[in-house]
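Visitor: I have a structure to look at and would like to be walked through it. Can we go step by step?

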Amino acid sequence: MLTNPLSSTFSKPSLWDECLLKIREKIGPSHFETWFQTTDLALKADGCACIEVPNQFFADFIEQHFSAFIQEALAGMHVSFSKINFVPTTKNWKIIQPITQSLEESTQRAIPNTIEKKGQFHPNYIFDNFVVGDTNRMAHAAAMAVAEAPGKTSFNPLIIYGGTGLGKTHLLQAIGHFAQREHTADSVFYMTSEEFVNQYIGYVIDKKDSTSFYKKFSGVDLLLIDDVQFFSGKPGTQKEFYRIFNRLFLENKQIVLSSDRPPAKIPDMMHHIINRFLSGLITDIQPPNLEVRMAILRQKAEMDGLSLPENVVRYLASSITSNIRELEGTLIKLIASSSFTGQDITLQITQEIFGDVMARKKQRLSIACIVEKVAQKFDISPNQITAHSRKRDVTLPRNIAMYLCKKWTRQSLYTIGLDFGGRDYSTVIHASKKIEADSRVSAELQQTLKEIEADLQAITAG
Ligand code: ADP
Ligand code: MG
């Protein structure tokens with residue numbers, strides 16, 4: 001039975017001290033020291049409790065991230081208040097460790113991941129706000145399918161991979177949002193793999209309590225883990241993840257993961273995890289084409305109540321070619337400067353604001369840069385590509401590099417030939433034709449080109 005503390009036998013200091021002990025147990029010593037050392041409990045006659053904290057930042061943070069723990073600790077002591085307020089006070093707090101130093105780290109690591117915590121999804125990351133085009137159609141369709149029927153399609157696990165800023169987090173969160181709103185899954189759990197690693201460290205390494213960590217995931221119907229490439233080279237985390245993954249998978253629970261590269265290309269990842277990944281659906285998101293970029297800009301402008309002239313939309317969408325996050329950033333800058341100057345947004349104003357930046361970006365793609373990217377892809381040195389050697393194993397990367405230089409730079413065939421160990425321009429033509437012809441019949445070559453070109457696009461987009 002819950003009681004009002006004023007009528008209970010607790011004296012004030014022991015109530016809060018006991019509560020603090022329980023909180024400390026839950027959140028671990030470092031977060032506890034950062035957030036709770038400088039707190040106190042004051043009871044009000046109206047049945048409310050005031051938790052006194054050093055400033056408003058503490059009040060907001062503790063309320064947002066730890067109030068559930070406080071309530072739970074109090075409930076465990078059979079205590080309830082009609083209300084708990086977090087109040088900044090100017091007490092002479094004795095701060096034992098410098099708070100500012102660990103603030104950033106603890107902000108990242110302290111956020112407890114209670115299952116189905118409220119507000120775990122960004123309100124804008126929903127299917128309705130996701131612009132669908134050729135480059136993300138498949139990923140979007142698969143995401144919709146699992147959101148509508150988690151665990152009931154053959155897309156389990158569903159893995160969405162693609163470069164940065166292309167909408168992976170948006171889709172994962174949209175799935176979670178949808179499943180919660182439409183009740184297609186009772187228990188939805190989204191976390192980044194970084195959070196997973198931190199929690200693994202907190203529970204399994206620090207507290208030696210792998211059971212509690214494992215139990216966190218029991219009863220989850222839909223598990224969404226973002227950026228699993230972060231598990232690379234972390235065998236302990238991988239082992240625990242594999243255990244959780246298997247259990248959910250056997251219970252037909254839906255698992256959705258994202259990665260910045262194809263799973264098979266995540267280095268230092270246990271092969272049985274990769275095999276598990278391969279048993280579901282792996283789908284990629286490619287950098288958006290012009291049409292999609294323009295649609296995204298229109299949509300974002302509309303959401304901000306801004307009417308953007310079509311020529312401005314085209315100019316921005318043509319200049320920023322890969323990363324959607326950057327497209328958004330450009331729009332925000334444009335809105336800010338237009339509201340600052342009070343002028344309507346025109347093409348001329350846009351070019352004045354961004355002209356220099358765009359010009360610099362275009363220049364960045366040089367022959368050397370392309371050679372370097374191709375070399376990286378084939379794990380050889382750039383010199384091997386440009387040297388005058390006839391070894392067979394570098395013919396393919398060299399031909400690819402020449403083909404890409406012809407396609408992506410404004411350099412003449414003559415200059416390209418020169419940069420490739422003084423070869424004749426006809427060699428560049430021959431290499432390009434060969435790659436064009438071979439890529440029509442080889443899916444593997446097509447994929448290789450696609451991946452390198454995605455990298456090149458990312459460079460031109462900054
Ligand atoms: P990633 O996780 O792949 O790095 P995000 O999901 O964080 O990328 O996307 C970056 C930004 O671009 C987000 O604000 C997201 O809403 C937006 N975005 C990405 N793809 C789309 C899309 N197809 N339609 C609308 N907005 C998009
Ligand atoms: Mg992301």
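**Ligand and sheet**

Guide: In this predicted model, an oxygen atom of ligand 1 has a polar side-chain atom of Lys168 at 2.8 Å.

Visitor: Which residues come nearest to ligand 1?
Guide: There are 18 residues around ligand 1. Lys168 is among those that come nearest. The full set of nearest residues is Gly165, Lys168, Thr169, His170 and Glu328.

Visitor: How far is a backbone N or O atom of Leu166 from an oxygen atom of ligand 1?
Guide: Backbone atoms also take part around ligand 1: a polar backbone atom of Val131 is 2.8 Å from a nitrogen atom of the ligand. For Leu166, the ligand atom is an oxygen, and the distance is 3.2 Å.

Visitor: In what order do the five strands of the open sheet lie?
Guide: The pairing in this sheet is parallel. Strand 5 (188–192) and strand 8 (281–285) each have a single partner strand, so they stand at the edges. On average, neighbouring strands are turned by 15 degrees against each other, direction ignored. Read across the sheet, the order is 5-6-7-4-8.

Visitor: What is the bridge partner of Leu158 in strand 8?
Guide: Strand 4 (residues 158–162) runs parallel to strand 8, and five bridges join the two. Leu158 has its bridge partner in strand 8, and that residue is Leu281.

Visitor: What angle does the direction of helix 6 make with that of strand 6?
Guide: Helix 6 (residues 168–181) packs on the sheet. This helix touches strand 4, strand 5, strand 6 (222–226), strand 7 (254–259) and strand 8. Its direction and that of strand 6 make an angle of about 160 degrees.

Visitor: Which residue of strand 7 is the bridge partner of Leu222?
Guide: Strand 7 pairs in the parallel sense with strand 6 over four bridges. Four bridges also join strand 7 to strand 4, where Ile160 has Ser258 as its partner. For Leu222, the partner in strand 7 is Gln254.

Visitor: Through which helix does the chain cross from strand 6 to strand 7?
Guide: The crossover between these strands is of the β-α-β kind and right-handed. The helix in question packs on the sheet, touching strand 6 and strand 7, and its direction makes about 140 degrees with that of strand 7. The chain passes through helix 9.

Visitor: How many of the six residues of strand 7 are buried?
Guide: In a regular strand, side chains alternate between the two faces of the sheet. On one side of strand 7, Gln254, Val256 and Ser258 are buried; on the other, Ile255, Leu257 and Ser259 are buried too. The strand is largely enclosed by the rest of the structure because the number buried is six of the six.

Visitor: What is the relative accessibility of Ser259?
Guide: Ser259 lies in strand 7. Beyond residues up to four places away in sequence, Ser259 touches eight others, including Ile160, Lys168 and Asp227. Buried means under 20% relative accessible area. Ser259 counts as buried because its value is 1%.

Visitor: Is Met269 buried or exposed?
Guide: Met269 is found in the loop between strand 7 and helix 10 (271–278). Leaving aside neighbours within four places in sequence, its contacts include Val228, Phe231 and Ser232. The C-alpha atoms of Met269 and Ser232 are separated by 5.4 Å, although the two residues are 37 residues apart along the chain. With a relative accessibility of 11%, Met269 counts as buried.

Definitions and conventions. Residues numbered from 1 in each chain as written. Chains lettered and ligands numbered in written order. Predicted model: local features only at pLDDT ≥ 70, side-chain atom pairs only at ≥ 80, totals over all residues. Heavy atoms only, no water. Pairing = 2+ DSSP bridges. Axes fitted to C-alpha atoms, helices over the stretch in contact; angles between N-to-C directions. Contact = heavy atoms within 4.5 Å. Buried < 20%, exposed > 50% of the residue type's maximum accessible area, 1.4 Å probe, protein only. Right-handed = clockwise from strand over helix to strand, strands pointing away. Near = heavy atom within 4 Å. Polar contact = N/O pair within 3.5 Å; in protein donor to acceptor, adjacent residues only side chain to side chain.
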